[in-house]
Amino acid sequence: MIRRSAVRWATAAMAAALLSACAVPPRAPAAPGVQAWSGRMALTVEGQASQSFSAGFELKGAPEQGELSLFNPLGGIVAVLAWAPGSATLRSNGNTRQFPSLEALAQEATGAPLPVASLFDWLGGKPTPVPGWEPDVSQVAEGRLRARRTDPPPPADLRLVFER
C-alpha cells in the first residue's frame with residue numbers, strides 16, 4: 001500500500017514537472033502609451049509552401065520604431081524583428097543580422113513581403129492603403145484581421161487573431 005502511493009506521488013510529481021516545462025512564460029506588458037497586440041499570425045503564399053508560416057506574435061511600438069516577436073507553439077522565441085530610424089535588426093537562433101529597411105527585414109523573417117509598419121493602423125481598425133494589399137478590418141473589434149496581397153504575384157493571405 002505504501003509503495004503504491006509512493007509510485008502515484010512520484011508519477012504526479014513527474015507529470016507536474018513536465019507540464020510546467022511546457023508552460024509559456026507571461027509576456028512583459030507594454031509601457032503606458034505604447035501600442036501593443038499579441039496573438040496568432042498566419043501567412044499563406046499561394047503555391048509556395050516554403051513561404052507560408054504561422055506563429056504566435058507580439059507587436060509593440062509604432063511604425064517608426066517597434067518590435068515584432070514571433071513565437072513557436074510552445075511559446076519559445078523564433079525571431080525578434082526590431083526597427084528604429086536608420087536601423088532594422090533580426091534576432092534569431094542566437095544570431096543578429098542588420099537590414100537596410102523594415103521591408104527587407106520582414107521579407108527575410110517571413111519569406112514574403114509583409115507590410116509590418118501598416119499593421120499598426122490595420123490592427124487599430126484603420127484600412128491604410130498599401131500597394132498590392134487589401135486589408136479587411138471589418139472584424140478588428142472581434143480581434144481578427146485579414147489582408148490579401150495581390151501584387152506582386154504570387155497572391156498571399158495574412159490572418160491575425162489578436163488581443164490588445
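Two strands count as paired if DSSP finds at least two bridges between them, and strands (E, at least two residues) and helices (H or I, at least four) are DSSP runs numbered from the N terminus. With that in hand, T44 stands opposite D157 in strand 9. Strand 1 (residues 35-45) and strand 9 (residues 156-163) run antiparallel and are joined by eight bridges.

This is a predicted model, where local features need pLDDT of at least 70, side-chain atom pairs count only at pLDDT 80 or more, and totals for chains, interfaces and linings use all residues. Residues are numbered from 1 along each chain as its sequence is written, and side-chain values use heavy atoms, leaving out hydrogens and water.

Now for the sheet. Its nine strands form an open, antiparallel arrangement in the order 6-5-4-3-2-1-9-8-7. Strand 6 (95-98) and strand 7 (133-136) each have a single partner strand, so one side of each lacks a neighbour in the sheet.

Two helices meet these strands; contact means heavy atoms within 4.5 Å, and angles run from 0 to 180 degrees between N-to-C directions of axes fitted to C-alpha atoms, for helices over the stretch in contact.

| Helix | Reference strand | Angle |
|---|---|---|
| Helix 2 (residues 102-110) | strand 5 (87-92) | about 15° |
| Helix 3 | strand 2 | about 80° |

Finally, the largest nonpolar core (buried Ala, Val, Leu, Ile, Met, Phe, Trp, Tyr and Cys joined through side-chain atoms within 4.5 Å; buried means under 20% relative accessible area with a 1.4 Å probe, protein chains only) has 35 residues, and L158 is among those touching the most other members. Helix 3 (residues 116-123) gives this core the most, five residues.

Methods: Buried means under 20% relative accessible area, exposed over 50%, partly exposed in between (1.4 Å probe, protein chains only).
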